[in-house]
Amino acid sequence: MFTLEFTHPECRDVRQVGGKAASLAAMTAEGLPVAPGFAITAAAYRRYLEEAGLKEFTTSALDRLRPDSGQADFDEAERVIAARMEGIPLPEELAAPVREAYAKLCADCGVDDVAVAVRSSATAEDSVGASFAGEFETWVDITGAEEVLAHIHKCYVSVFAGRVLSYLAEKEIDPHAIEMAVVIQKVVRARAAGVMFTLSPTSGDRSKIVLEASWGLGLSVVGGEVTPDRFLVDKIGMGIADRTPGYKHIEYRRGDAPQDVPEERRSVLCLADEEVTALAAFGKQLEKIHQAPQDIEFAVDEELPEGKNLILLQCRPETVWSNADRQPAFDNSAGMMSWITGSISGRSAPPASGAAHQH
């Protein structure tokens with residue numbers, strides 16, 4: 001099976017659809033607010049690599065790399081592999097079910113050529129053991145079945161990007177151990193968007209929920225282009241402990257070029273208190289479901305009525321503090337861990353993370 005709707009039980013199998021799609025399907029099954037969509041399975045990626053001996057070609061190109069290879073070597077491998085892959089389109093046995101699934105999504109949304117995000121969902125991605133957040137590609141505002149197919153193809157090519165190959169080499173992971181599933185999801189028209197952690201990302205404090213948000217799509221937040229608003233919520237009692245306005249001078253309205261935010265809105269909080277507490281409640285629910293701290297991307301959809309306008313875009317395990325040895329509070333010798341978050345670099349969009357791309 002090459003396509004699976006989020007509502008399909010098999011779409012919750014990370015081996016078939018990768019971390020992003022499986023988490024969206026799991027949230028859908030729990031009745032959480034998720035924009036509709038479908039996944040192209042890892043089986044489709046395997047079938048594509050069989051086309052015209054691509055698996056053998058990529059293996060040969062990667063065999064030239066050595067443990068001490070520099071970035072220029074990885075970039076050259078990308079150039080050689082991309083040149084071959086770009087000349088081999090998706091076979092019709094993959095293209096036909098994608099066209100069918102996209103047509104059904106358009107019908108379900110009541111929109112001809114509904115705008116979607118095309119997002120990588122690698123089967124090894126977003127596991128607690130190795131975070132691939134930010135390493136693969138995402139595109140926003142893609143319309144029409146043929147453009148969707150073209151961007152699925154770009155997701156496949158992105159597996160062999162130079163920066164990805166060097167990252168995998170650093171982690172001692174064979175690139176062929178990565179299988180690329182793809183998420184196709186209706187774009188959320190975000191009034192505001194951002195990220196939420198069900199612990200403090202700076203201290204690891206699990207009694208807190210932290211939200212960071214800005215105007216428009218979440219591209220400006222995950223790309224580090226603005227200083228987002230920051231909200232701190234106590235898990236017990238769900239009271240808002242702190243609200244820190246950011247400086248949100250730009251916003252993305254359609255996933256392409258940023259727009260200037262009028263001066264009078266730049267320091268105004270982009271989320272109302274009731275939105276913050278409702279989102280925090282979703283975060284607490286997701287942490288309970290997954291039995292681990294979560295890194296969640298969300299948006300407030302300006303096209304939906306109040307009460308139905310909070311959309312969860314993505315959920316994955318938090319990977320920094322979840323792997324840390326937790327020090328006792330009184331241990332003064334314990335050093336502060338550095339917190340690093342990745343960002344997705346899209347070819348047709350500014351730097352962004354796998355979310356907030358509608359995030």
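This briefing walks through the strands of one protein model and the helices that lie across some of them. The model is predicted, so local features need pLDDT of at least 70 and side-chain atom pairs count only at pLDDT 80 or more, while totals for chains, interfaces and linings use all residues. Residues are numbered from 1 along each chain as its sequence is written, and side-chain values use heavy atoms, with hydrogens and water left out. Helices (H or I, at least four residues) and strands (E, at least two) are DSSP runs, numbered from the N terminus.

**The five-stranded sheet**
- Here's the layout: an open, antiparallel sheet of five strands in the order 1-2-5-3-4, where two strands pair if DSSP finds at least two bridges between them.
- Strand 1 (3-5) and strand 4 (138-142) sit at the edges with a single partner strand each, so one side of each has no neighbour in the sheet.
- On average, neighbouring strands of this sheet are turned by 20° against each other, direction ignored.

**Strand 3 and its partners**
- Strand 3 (residues 116-122) runs antiparallel to strand 5 (residues 180-186), and seven bridges join them.
- Within that pairing, Val118 has Ile184 as its bridge partner, and Arg119 stands opposite Val183.
- Strand 4 pairs with strand 3 too, antiparallel over three bridges, and there Arg119 stands opposite Thr138.
- Seven of the seven residues of strand 3 are buried, so the rest of the structure largely encloses it; buried means under 20% relative accessible area, exposed over 50%, and partly exposed in between (1.4 Å probe, protein chains only).
- In a regular strand the side chains alternate between the two faces of the sheet.
- In strand 3, Val116, Val118, Ser120 and Ala122 point one way, Ala117, Arg119 and Ser121 point the other way, and all are buried.

**Helices across the sheet**
- Helix 1 (residues 14-29) lies across strands 1, 2 (37-40), 3 and 5, at about 125° to strand 3; contact means heavy atoms within 4.5 Å.
- Helix 5 (residues 92-109) lies across strands 1, 2, 3 and 5, and runs at about 170° to strand 2.
- For these angles, axes are lines fitted to C-alpha atoms, for helices over the stretch in contact, and values run from 0 to 180 degrees between N-to-C directions.

**Strand 6 and its partners**
- Strand 6 (residues 190-197) is mostly covered, with seven of its eight residues buried.
- Strand 12 (residues 294-301) pairs with strand 6 in the antiparallel sense over seven bridges, with Met196 opposite Ile296.
- Strand 7 (residues 208-215) also runs antiparallel to strand 6, joined by six bridges, and Gly194 has Ala213 as its bridge partner there.
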